[in-house]
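Work through these exercises with the model open. Try each task before you read its solution.

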Amino acid sequence: MKGFEGGTFDPNGEAALEDPCDILIPAALEGAIHVNNAARVNARLIVEAANGPVAFAADKILNERGITIIPDMLANAGGVVVSYFEWVKNLTHIPFGLMEPRHSERDHLVLARSIEQMTGKRMSNKDREEFFAERSEINLVRSGLAEMMHQAFEEVSNHSKRDDNTTLRDAALQIAIQKIAGACGDRFNPEIS
């Protein structure tokens, strides 16, 4: 970054994509890694935090070089997932967590008492505060997002492991196509309708 004390500046920002690193996270431009620079990328893992930062031809070069790519449809899907949560919330007109707090509060109280009885120690005020913290909407959304992202990555990772030649990108695309085909089949199947 220009003007960053203790750092260096290169006006050719694209050259930074070729710096040696363990993890490269292109997060701004589509096609930042392309056929002309893919052979010089010096990372073991690329996490696509932008939409399409690795061009199609570059993807092939990187895969042949053994560089793992976590595709944008996984790494960059959080906004879409949270938009889905918002859509569901708006459809139901019910805020996240509306039904949970009283039941959850009672369960936490029982658990806290049991822990204190078993250990013979009272929880600190700070621990009690964190333990009994209200399940805020933002915390529920973050928890749901983390769960969906973990599930998606596990599904894609397991699918890619079935065949050594299936990249994470190919696995994600194959799963997406299978899900779309299944949904279309269900929708247009007169026996299900």
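## Exercise 1: The nonpolar patch

Task: Find which helix gives the most to the nonpolar patch, then name the residues that make the patch.

Solution. Start with the helix. Helix 3, residues 78-92, gives the most to the nonpolar patch, with three residues. Keep in mind that this is a predicted model. Next, name the members. Y84, W87, L91 and M148 make the patch. Its area is about 440 Å². Finally, place one of them: W87 sits in helix 3.

## Exercise 2: The aromatic rings

Task: State how many aromatic pairs the structure holds, and classify the pair of Y84 and F85 by its ring geometry.

Solution. Count first. There are two aromatic pairs. Now take Y84 and F85. Their ring centres are 6.1 Å apart and their planes stand at 55°, so this pair is tilted. Planes under 30 degrees apart would count as stacked, and over 60 as edge-to-face. Turn to Y84 and W87. Here the centres are 6.0 Å apart and the planes meet at 40°, so this pair is tilted. Both Y84 and W87 belong to helix 3, three residues apart, about one turn of the helix. Put the rings together: Y84, F85 and W87 form one aromatic cluster.

Task: Decide whether Y84 and F85 are buried, partly exposed or exposed.

Solution. Use the cut-offs: buried is under 20% relative accessible area, exposed is over 50%, and partly exposed lies in between. Y84 has 42% relative accessibility, so Y84 is partly exposed. F85 has 11%, so F85 is buried.

## Exercise 3: The sheet

Task: Give the strand order of the open sheet, and say which strands stand at its edges.

Solution. Begin with the order. Three strands form the open sheet, in the order 1-2-3, with parallel pairing. Now look for the edges. Strand 1 (21-24) and strand 3 (68-70) each have a single partner strand, so one side of each is left without a neighbour in the sheet. Add the twist: neighbouring strands are turned by 15° against each other on average, direction ignored. Then zoom in on one pairing. Strand 1 and strand 2 (residues 43-47) pair in the parallel sense over three bridges. L24 has I46 in strand 2 as its bridge partner.

## Exercise 4: One residue in helix 6

Task: Place N158 in its helix, classify its exposure, and give its C-alpha distance to A171.

Solution. N158 lies in helix 6, residues 137-161. Its relative accessibility is 39%, so N158 counts as partly exposed. Along the sequence, N158 and A171 are 13 residues apart. In space, their C-alpha atoms are 8.7 Å apart.

How values were computed
Residues numbered from 1 in each chain as written. Predicted model: local features only at pLDDT ≥ 70, side-chain atom pairs only at ≥ 80, totals over all residues. Heavy atoms only, no water. Patch = residues over 30% accessible without salt bridge, like charges linked within 9 Å, V, L, I, M, F, W, Y side chains within 5 Å. Areas by Shrake-Rupley, 256 points an atom, 1.4 Å probe, with all protein chains shown as cover. Salt bridge = Lys/Arg side-chain N within 4 Å of Asp/Glu carboxyl O. Helix = DSSP H or I, 4+ residues; strand = E, 2+ residues; numbered from the N terminus. Buried < 20%, exposed > 50% of the residue type's maximum accessible area, 1.4 Å probe, protein only. Phe/Tyr/Trp six-rings, centres within 6.5 Å; stacked < 30°, edge-to-face > 60°. Pairing = 2+ DSSP bridges. Axes fitted to C-alpha atoms, helices over the stretch in contact; angles between N-to-C directions.
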